[in-house]
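Me: I am new to reading protein models, and I would like a close look at one part of this one. Please take your time and connect what you say to the rest of the chain.

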Amino acid sequence: PCAVVEATVPAGGRASVDLMMPVWTPGSYLVREYARHVEGVAARDARGLPLAVEKIDKNRWRVAAGGASAVTIQYRVYAREMSVRTNWVDDRFALVNGAPSFMTLVEPGPRPHDVRLVLPPAWGQTRTALPVAPGGQPHHYLAPDFDTLVERFFSAPWGDASSSETLAAPMDLSETDGEVVARARVFVDTR
């Protein structure tokens, strides 16, 4: 099993944007090399046209944005090891940790990360230490920055979800009220 992560990243009209993934988990500061569990990194523009992606370092990727205001990336992460520093997905439970799951812009500076979880109806609930986002919608959370996001996890507890259902966590990196906000969609396929 894997989690499919999709994120829309602000490119600001630049020729390219660089993305990174942590190599550690807070509280367990050994180098974990999460990028080794990332597969199939692809990108597209707002029209859905493919964009070139190059792995430029062990945990960094460069997307050829071609002057676009935003690009969407998609990739798969391994999700079959249950621990405080990894991900687990099966047909009854999902545990998605921040560090082994999410990429962000390499650029310095705090950016809020908006996370919306869309669960199979039978699962019905989410657990995380992130604060509920303004508006109080179910499964909608807001991390003040990427560091906070990677320190947290999302869990969808045991339930009656069938093996064909999917856990989705939308999260995009886009402009909101003048602030850059990270958002991505994480699809945890339990098939």
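How many residues line the largest pocket, and which of them lie nearest its centre?

Reply: Since this is a predicted model, a word on confidence will follow once the pocket itself has been described. The largest pocket is lined by 19 residues, and those that lie nearest its centre are Met20, Thr104, Leu105, Phe146 and Asp147. The space inside this pocket comes to about 280 Å³. Two elements each supply at least two residues of the lining, namely strand S10, which covers 104-105, and helix H1, which covers 146-150. Of the elements, H1 gives the most to the lining, with three residues. If you sort the lining by residue type, you find 11 nonpolar residues, together with four polar and four charged ones.

Helix H1 also leads from the pocket to the interior, for H1 is one of the elements that give two or more residues to the largest nonpolar core. That core has 35 residues, and those with the most contacts inside it are Val71 and Ile73. Besides H1, the elements that give two or more residues to the core include strand S1 (2-10), strand S2 (16-20), strand S3 (38-44) and strand S7 (70-78). To see what surrounds one of these residues, look at Ile73: once its neighbours within four places in sequence are left aside, Ile73 is in contact with Val5, Glu6, Ala7, Val9, Leu19, Ala42, Ala43, Val63 and Met103. Apart from the largest core lies another core, of five residues, among them Ala79, Val89, Trp123 and Ala156. In soluble globular proteins, nonpolar side chains tend to be buried together.

The pocket should be kept apart in your mind from the enclosed spaces, of which there are two cavities of 30 Å³ or more. The largest cavity has a volume of about 70 Å³, and its lining is made by Tyr34, His37, Val77, Tyr78, Glu81, Thr86, Asn87 and Pro100. The lining of this cavity divides into four nonpolar residues, three polar and one charged.

Finally, how far can the picture be trusted? The protein averages a pLDDT of 79, and 81% of the residues score at least 70. Over residues 159-184, however, the pLDDT is below 50, although this stretch has 112 contacts in the model beyond near neighbours in sequence. Residues 187-191 also have a pLDDT below 50, and this stretch has 29 contacts beyond near neighbours in sequence. Where pLDDT is low, the predicted coordinates should not be read in detail.

Technical notes:
Residues are numbered from 1 along each chain as its sequence is written. This is a predicted model: local features need pLDDT of at least 70, side-chain atom pairs count only at pLDDT 80 or more; totals for chains, interfaces and linings use all residues. Side-chain values use heavy atoms; hydrogens and water are left out. On a 1 Å grid over the protein atoms alone, a cavity is a set of points where a 1.4 Å probe fits but cannot get out, and a pocket is an open set with protein on both sides within 12 Å along at least five of seven lines; lining residues have an atom within 4 Å of a point. Grid points are joined across faces, edges and corners, and a volume is the space filled by probe spheres set on the points. Helices (H or I, at least four residues) and strands (E, at least two) are DSSP runs, numbered from the N terminus. Ala, Val, Leu, Ile, Met, Phe, Trp, Tyr, Cys and Pro count as nonpolar, Asp, Glu, Lys and Arg as charged, and the others, Gly among them, as polar. pLDDT is the predictor's confidence in each residue, from 0 to 100. Contact means heavy atoms within 4.5 Å. A nonpolar core is a set of buried Ala, Val, Leu, Ile, Met, Phe, Trp, Tyr and Cys residues joined through side-chain atoms within 4.5 Å. Buried means under 20% relative accessible area, exposed over 50%, partly exposed in between (1.4 Å probe, protein chains only).
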